Amino acid sequence: MIDNKAFYKLSYGLYVVSSVSDGKQNAQIANTVFQITSDPLMVAVSINKKNLTHEYIQKSKLIGVSILAEETPIEFIGRFGFKSGRDTDKFLGVSYKTAESGIPIVLDNAVSYFELKVEKEIDVLTHTIFIGKVLNSEVLNDMEQMTYQHYQDVKNGKVPKTSPVYTSNINQTVKDMPKYQCSVCGYIYDPNVGDPDSGILAGTLFENIGNDWTCPICGVTKENFEQMI
């Protein structure tokens, strides 16, 4: 048996990993960044091959890593973790600086950052581990950095569902009831389905859900949902 919560106990952090390619910039949330050697200073970053940031890193061989603070709002994490740079400018309204190498370094909610030059790539099926030489690093403040466990247990951070929801036993018609969409990750609350994982039954109107309910994908509160037209 594999208990997924066991992985929360590993020493993961939460990071904004950025890169640049052909004048374009992008960034994403990652939880696997770790030091490899001290002489020379080398840091490894694991990125999913499907992500736009992965494409930019492979082209430019440049990586920025901003270590997030414990107080980072879930909406900020959602911006970089659940939206695609192919569809939106993730840096719009975000404080960042451009390093000498051209990498955008996110400053908002960051406790420190690293600027890396990729020296080696390791293929690990769905991901690539990029091993980079440290070009620059800086501590920005003395706030506590966020751990992956804190994100899961305290901020109630979520990951996408992997199973379809069975709805054939719905005994009332709710097709005319409005749906609501999360403005952070795009999840749609459908009253035909409800949210079985949270104990919310099919047929439950959005306005009847308790205010402590959070998005099952990114973990933001009800106030971040908008009614779909």
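Start with strand β1, residues 15-21, in this predicted model. Seven of its seven residues are buried, so β1 is largely enclosed by the rest of the structure. Its side chains point two ways. Y15, V17, S19 and S21 point one way from β1. V16, S18 and V20 point the other way. Residues on both sides are buried.

Which strands pair with β1? One is β2, joined to β1 by seven bridges. The two strands run antiparallel. Within this pairing, S18 of β1 has A27 of β2 as its bridge partner. β1 and β2 also form a hairpin, with two residues between the strands. There, D22 takes a positive phi near 55°. Another partner is β5, which pairs with β1 over four bridges. This pairing is antiparallel too. In it, V16 stands opposite S66 of β5.

**Nonpolar cores**

Now turn to the packing inside. In soluble globular proteins, nonpolar side chains tend to be buried together. How many residues make up the largest nonpolar core here? It has 30 residues. Those with the most contacts inside this core are C182, Y187, C215 and F225. The elements that give two or more residues to the core are β2 (24-30), α2 (74-81), α3 (148-153) and β10 (180-182). Helix α2 gives the most, with four residues. So β2, the hairpin partner of β1, also supplies residues to this core. C182 shows how distant positions meet. Leaving aside neighbours within four places in sequence, C182 is in contact with Y187, C215, C218, V220, N224 and F225. Of these, Y187, C215 and F225 are also listed with C182 for the most contacts inside the core.

A second core is separate and has 17 residues. Its members include I47, I57, L116 and V134.

**Salt bridges**

How many salt bridges does the structure hold? It holds five. The table gives three of them, including the distance between N and O atoms.

| Acidic residue | Basic residue | N to O distance |
|---|---|---|
| E55 | K59 | 3.3 Å |
| E121 | K61 | 2.6 Å |
| D190 | K179 | 3.7 Å |

Take E55 and K59 to begin with. Both lie in helix α1, residues 52-60. They sit four residues apart, about one turn of the helix. E55 has 32% relative accessibility, so E55 counts as partly exposed. K59 is at 52%, and therefore counts as exposed, since the cut-off is over 50%.

Next come E121 and K61. E121 lies in strand β8, residues 110-124. K61 lies in the loop between α1 and β5 (62-68). The pair therefore ties together parts that are 60 residues apart in sequence. E121 is partly exposed, with a relative accessible area of 30%. K61, at 28% relative accessibility, is also partly exposed.

The D190 and K179 pair links distant parts of the chain as well. D190 is in the loop between β11 (188-189) and β12 (225-227). K179 is in the loop between α3 and β10. These two residues are eleven residues apart.

Is D190 buried or exposed? D190 is buried, because its relative accessible area is 17% and buried means under 20%. Its partner K179 is at 35% relative accessibility, so K179 counts as partly exposed.

Key:
Residues are numbered from 1 along each chain as its sequence is written. This is a predicted model: local features need pLDDT of at least 70, side-chain atom pairs count only at pLDDT 80 or more; totals for chains, interfaces and linings use all residues. Side-chain values use heavy atoms; hydrogens and water are left out. A nonpolar core is a set of buried Ala, Val, Leu, Ile, Met, Phe, Trp, Tyr and Cys residues joined through side-chain atoms within 4.5 Å. Buried means under 20% relative accessible area, exposed over 50%, partly exposed in between (1.4 Å probe, protein chains only). Contact means heavy atoms within 4.5 Å. A salt bridge is a side-chain nitrogen of Lys or Arg within 4 Å of a carboxyl oxygen of Asp or Glu. Two strands pair if DSSP finds at least two bridges between them.
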